[in-house]
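Dear colleague,

Here is the structure I said I would pass on. My notes on two residues and one pocket follow below.

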Amino acid sequence: MPAGVVLLRPRRPRVSLLLHRRSAAVAAVLLVLLAAVMLTAACAGQTYLAPAEVWRTLRTGSGPHDLVVNELRVPRIALGALVGAALGLAGALVQTVTRNPLASPDVIGVGHGAAAATVLALATGVVSSPGAMPVVSVLGGLLAAALVYVLAWRHGMQPSRFVLTGVGIGVALSAVVQLYLTDSELEAAEQLKLWLTGSLNGRGWAQAGPLAVVLVLSLPGLVWASRALRPLGLDPDTAAGLGVRVDRARLALTVLGVVLAAAATGAAGPIGFVALTAPQLARRLTRTPQLPLLNAALTGAIVLVAADLAARTLLPPLEIPVGALTALVGGPYLLWLLGRRTATH
C-alpha cells in the first residue's frame, strides 16, 4: 500500500475505501478556510456587519440588516461557493481526461457554447435577458462539448486532438458572439457583455437551487470518478491492461465534467480560470499523483467566494464582475504554468 494511505474496511456495508491522510487533512483545512471566507464575505461590504450581527440576522430571519444579509449577501455567497465547487470538479475531470494541466472546460467549448446559445436565443427573441436563460446556456455548453467530442473521435479519443478541436470550435463560436455584439443595439449588447464577463451580482437562490440539485445528482458519478481517476492517470496501455475501458471511462468523465461546467456557466455566466487553477492548486497541496476531486471542489469554492468578495470591496461603490477579476489573476498564473511546463520538458 502506498505511503500515507489508509485502508478503511468497515464490516457493514462490505466496502473498502482508500484514505489519503494528507488529502484528508488538507480537505479539513480547506473546509475551515471556506467557512472563514464565507463569513468574511457576509460581514464585509459597503456596510460592515459584525459576525454576531450576521449570525443573529440569519437565525431570526429579521432585523435591520435582513435585506443586506438574507437577501443580498448570503444567497450570492452560497451561489459563489456552488459555482466554484462545480468548476473545480469540472476542471479536475477534464484535466484528467486530457492529461493536460492547461486544459479546462473552456478549452473544450463549454463557455463558448453557452455564450453562442445565449446569442442565438436573444437574436431569435426566445428570451429577452441573458440572466433569465440558464437552461439555454447549459444546453449550449453541452452541445458544444458534444460537437468537439464527435469531431475529435478517430477510432478512439486522443487527448491532444480533443484539446485542439475544442480550441478550434471555441474560436468559431466566439466569432458568432462577436458578430452579434457588433450588429445588436447598445442596450442588448451591454447586457450580453456583462453576462459574458461572468458575475454573481443580482443572482441568488433562484440560480443556486438548480445548481445544488445538479451537484447532488452528480454525487454517485463523482464517487465512481474518484476511483476511475487512478488508472486513467497512467498511460492508456497500462490502464487497459488493468481492465479499464479507457475510451468509455474518458467519455463518462468528460460528460460529467461538462454537465457540471455547463450548469455553473448557466448560473453565473462564463467565469474563466477557476476550473484551470483550482485542480492544480489542490494537487500541489495534497501532493497526490491524481487530481483530488474533493479538494479541487473546496479550492474552487474558496477561490470564487474570495474573488467575489474582492470584486465587491476593492473599488467601492464600483463593483467589478468576478469573471474579470479571475481572468486578471488567472492570466499570470497560466503564463507561469506554461513556463514551468516548458522548463521541465
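Ser23 sits in helix 1, which runs over residues 21-43. Note that this is a predicted model. The relative accessibility of Ser23 is 12%, so the residue counts as buried, the cut-off being under 20%. Leaving out residues up to four places away in sequence, Ser23 touches Thr286, Thr288 and Asn295.

Asp308 belongs to helix 12, residues 293-313. Asp308 also counts as buried, because its relative accessibility is 5%. Its contacts, apart from neighbours within four places in sequence, are Arg76, Leu200 and Val322.

Next, the pocket. The second largest pocket holds about 550 Å³ of space. It is lined by 21 residues, and Asp106, Gly111, His112, Ser174 and Gly272 are the closest to its centre. Helix 4 (110-124) and helix 6 (159-183) each contribute at least two residues to the lining of this pocket. Helix 6 provides the largest share, with seven residues. By residue class, the lining of the second largest pocket consists of 12 nonpolar residues, eight polar ones and one charged.

To recap for your own look at the model: Ser23 in helix 1 and Asp308 in helix 12 are the two residues to find, and the second largest pocket can be located from the residues closest to its centre, among them His112 and Ser174.

Regards

How values were computed
Residues numbered from 1 in each chain as written. Predicted model: local features only at pLDDT ≥ 70, side-chain atom pairs only at ≥ 80, totals over all residues. Heavy atoms only, no water. Helix = DSSP H or I, 4+ residues; strand = E, 2+ residues; numbered from the N terminus. Buried < 20%, exposed > 50% of the residue type's maximum accessible area, 1.4 Å probe, protein only. Contact = heavy atoms within 4.5 Å. 1 Å grid on protein atoms, 1.4 Å probe; cavity = no way out; pocket = protein on both sides within 12 Å on 5 of 7 lines; lining within 4 Å. Points joined across faces, edges and corners; volume = space filled by probe spheres on them. Nonpolar A, V, L, I, M, F, W, Y, C, P; charged D, E, K, R; others polar.
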